[in-house]
Amino acid sequence: MAPAAASGGSTLPSGFAVFTSFPDLLFIFEFVFGGLVWILVASSLVPIPLIQGWVMFVSVFCFLATTTLLVLYIIGAHGGETSWVTLVFSYVVTLLYVVHAVFSLIRWKSS
């Protein structure tokens with residue numbers, strides 16, 4: 001595998017150094033504005049509640065994902081390596097695809 005300098009990667013910050021680098025500094029804004037969106041969507045009245053439910057789901061999911069990543073960066077769970085994020089989320093996405101496919105197959109067979 002190529003060294004980090006040759007592949008364009010760098011080490012990830014941990015602890016409160018997360019708040020000193022530009023891309024990671026955006027966590028604060030994502031956290032604040034994500035919470036505001038969550039509050040505003042929950043308090044608005046819409047003619048079709050299904051739409052509000054979907055927007056609320058996406059908003060809450062993104063808010064929780066941002067919070068989880070922020071906490072993982074602060075506690076240093078990545079160990080300074082950049083590949084763990086891709087690896088952890090690749091497994092999660094693959095698992096979700098498999099679960100979705102299985103339940104879709106079950107629903108299709110039962111209809």
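**A walk through a four-helix model**

Let's start with residues 27-46: this stretch is 85% helix and 0% strand, and its end C-alpha atoms sit 29 Å apart. Keep in mind that you are looking at a predicted model. Why begin there? Residues 27-46 are one of the spans that carry the UniProt annotation "transmembrane region", which comes from an unreviewed entry. The same annotation also covers residues 53-75 and 87-106. Take residues 53-75 next: that span is 100% helix and 0% strand, with 33 Å between its end C-alpha atoms.

Now zoom out. The protein has 4 helices and 0 strands, and if you read along the sequence you get the pattern α-α-α-α. Of the 111 residues in the protein, 18% are buried. The accessible surface comes to about 8500 Å², and 78% of that belongs to carbon and sulfur atoms. What about contacts between parts of the chain that are apart in sequence? Among contacts between residues at least 6 apart, 59% join residues at least 24 apart.

Helix α3 is a good place to look around. It runs over residues 49-75, and Q52 has its place in it. A polar atom of the Q52 side chain lies 3.1 Å from the backbone oxygen of S44. Setting aside neighbours within four places in sequence, Q52 is in contact with V41, A42, S44 and V46.

Move along helix α3 and you'll find F57 and F61, which are 4 residues apart, or about one turn of the helix. How do we describe two rings like these? A pair of aromatic rings is described by the distance of the centres and the angle of the planes. The structure holds 1 aromatic pair. That pair is F57 and F61, and it is stacked, with 6.3 Å from centre to centre and 20 degrees between the planes. Is F61 buried or exposed? F61 counts as exposed because its relative accessibility is 53%, and the cut-off for exposed is over 50%.

Finally, let's look inside. The largest nonpolar core has 6 residues: L12, V18, F27, L69, L70 and Y73. Which helix gives the largest share of this core? That's helix α3, with 3 residues. Pick out L69 from the core: leaving aside neighbours within four places in sequence, L69 is in contact with F27 and F89. F27 is itself one of the core residues.

Conventions
Residues numbered from 1 in each chain as written. Predicted model: local features only at pLDDT ≥ 70, side-chain atom pairs only at ≥ 80, totals over all residues. Heavy atoms only, no water. Core = buried A, V, L, I, M, F, W, Y, C linked by side-chain atoms within 4.5 Å. Buried < 20%, exposed > 50% of the residue type's maximum accessible area, 1.4 Å probe, protein only. Helix = DSSP H or I, 4+ residues; strand = E, 2+ residues; numbered from the N terminus. Contact = heavy atoms within 4.5 Å. Polar contact = N/O pair within 3.5 Å; in protein donor to acceptor, adjacent residues only side chain to side chain. UniProt positions renumbered as here; feature names shortened; annotations may be inferred. Phe/Tyr/Trp six-rings, centres within 6.5 Å; stacked < 30°, edge-to-face > 60°. Areas by Shrake-Rupley, 256 points an atom, 1.4 Å probe, with all protein chains shown as cover.
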